There are 2 protein chains.
Amino acid sequence: MNNEINISESEWTVMEYLWNNPMVTITEIRKALSSTGWSDSTIKTLVRRLVSKNAVAINDEAATFRYYPLISQQECRLKETKSFINRVYDGSVSMLVTNLAADSNLTDKETEELLALIEKMGNEQEK
Amino acid sequence: MNNEINISESEWTVMEYLWNNPMVTITEIRKALSSTGWSDSTIKTLVRRLVSKNAVAINDEAATFRYYPLISQQECRLKETKSFINRVYDGSVSMLVTNLAADSNLTDKETEELLALIEKMGNEQEK
DNA sequence: AATCAAAGGTTACAGCTGTAGTCTATTATA
DNA sequence: TATAATAGACTACAGCTGTAACCTTTGATT
């Protein structure tokens, strides 16, 4: 459905907040994102862009609008994950997981087990 | 060192080829990427941008230049993977792997084992 | 009532990205 | 040798992104 929606890095920050706090006002968003250092304008622009991308909708029952996500974190994560794996790991889930395992602090035995499982996972999820 | 190099999606396609075939001419690149449908100009632009980003260098001993990668696939993958996990999974490797497991076709028992390992992996790799 | 802050709307602007055209010099080929 | 193809260098241009200012209206505060 919403496959064509692309959310930029800054926009993700806003989406994260909306996923955790649906139906908030712009003031609430601004307060929540104050640690980013973004100006009022910047945050409004990001929200506006998300609305025009149909990632976020406006509830304007009250005078002060409330914003809520139209797409789920789950589906966005899935989409991003797939395109990431395709771009960086040539579509290979197991290659990604192998790299993750190498970069994490498992014991040798655990790594071995993990790799064995990865072996079984194979390369589904192409494209 | 090369932490600030950002490689775009199209540029990755070029890099992939260069990682597998270092020291090639522009003609070889063009032929290899003909399936992309990109014009001659487009490919030359991508290569030029990679050179100006210091991701690729030129060997100009011969009249026809040869191009080769200055950064390794390994380090680029690591960088991309980290920024991806930070952006999409809030820095949590285990959340990513959990999602991957859910999306792959492991048996229940295998998934259980995988999740147990993930449990142990915890959330290293923050930042 | 006068003032200030914030909301909503509009505009800005530079850098990156996708995609490609033009020009000139050189090389290969008829 | 005339011609075609290509390399290398430069330019183009629109859409996306990061980042923000400005303007007008409205609600809150003095």
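Which residues come nearest to DNA strand C? In this predicted model, the nearest are Thr27(A), Phe65(A), Ser8(B), Ser41(B) and Thr45(B). The close-ups below start there, then turn to DNA strand D and the helix contacts.

**View 1. Residues around DNA strand C.** The surroundings of DNA strand C comprise 22 residues. Their classes are six nonpolar, eight polar and eight charged. Helix α3(B) is the top contributor to this surface, with six residues. Among the strand atoms within 4 Å of the protein, sugar or phosphate accounts for 47%, and bases make up the rest.

**View 2. Polar contacts to DNA strand C.** Chain A reaches a base here: a polar side-chain atom of Lys44(A) sits 2.9 Å from a base nitrogen of DNA strand C. Chain B reaches phosphate oxygens. From Ser10(B), a backbone N or O atom lies 3.2 Å from a phosphate oxygen of the strand. From Trp38(B), a polar side-chain atom lies 3.1 Å from a phosphate oxygen. Two or more residues of the surface near DNA strand C come from each of these elements: α2 (26-32) and α3 of chain A, and α1 (9-20) and α3 of chain B.

**View 3. Residues around DNA strand D.** DNA strand D is surrounded by 21 residues. Closest are Ser8(A), Ser41(A), Thr45(A), Thr27(B) and Phe65(B). The surface near this strand has five nonpolar, eight polar and eight charged residues. Helix α3(A) gives the most, with five residues. Of the strand atoms within 4 Å of the protein, 46% are sugar or phosphate atoms; the rest belong to bases.

**View 4. Polar contacts to DNA strand D.** Two residues of chain A face phosphate oxygens of DNA strand D. For Ser10(A), a polar backbone atom is 3.2 Å from a phosphate oxygen. For Thr42(A), a side-chain N or O atom is 3.2 Å from a phosphate oxygen. A base oxygen of the strand lies 3.0 Å from a polar side-chain atom of Arg48(B). The elements giving two or more residues to this surface are α1 (9-20) and α3 (40-52) of chain A, along with α2 (26-32) and α3 (40-52) of chain B.

**View 5. Helix α5 of chain A against helix α5 of chain B.** Both helices span residues 93-103. Their axes come within 12 Å and cross at roughly 155 degrees. The angle is over 145 degrees, so α5(A) is roughly antiparallel to α5(B). The crossing is left-handed. On the α5(A) side, the contact uses Val93(A), Leu96(A), Val97(A) and Leu100(A). On the α5(B) side, Val93(B), Leu96(B), Val97(B) and Leu100(B) take part. By class, this contact has eight nonpolar residues, no polar and no charged ones.

**View 6. Helix α5 of chain A against helix α4 of chain B.** Helix α4(B) covers residues 73-89. The axes of α5(A) and α4(B) come within 11 Å and cross at roughly 90 degrees. That crossing angle makes the two helices roughly perpendicular. Helix α5(A) brings Met95(A), Leu96(A), Asn99(A), Leu100(A) and Asp103(A) to the contact. Helix α4(B) brings Gln74(B), Arg77(B), Leu78(B), Thr81(B), Lys82(B) and Ile85(B). The contact residues divide into five nonpolar, three polar and three charged. Leu96(A) and Leu100(A) appear here and also in the contact of α5(A) with α5(B).

Key. Residues numbered from 1 in each chain as written. Chains lettered and ligands numbered in written order. Predicted model: local features only at pLDDT ≥ 70, side-chain atom pairs only at ≥ 80, totals over all residues. Heavy atoms only, no water. Axes fitted to C-alpha atoms, helices over the stretch in contact; angles between N-to-C directions. Helix = DSSP H or I, 4+ residues; strand = E, 2+ residues; numbered from the N terminus. Parallel < 35°, antiparallel > 145°, perpendicular 65-115°, else oblique. Left-handed = near helix turned anticlockwise from the far one by under 90°. Contact = heavy atoms within 4.5 Å. Nonpolar A, V, L, I, M, F, W, Y, C, P; charged D, E, K, R; others polar. Near = heavy atom within 4 Å. Polar contact = N/O pair within 3.5 Å; in protein donor to acceptor, adjacent residues only side chain to side chain.
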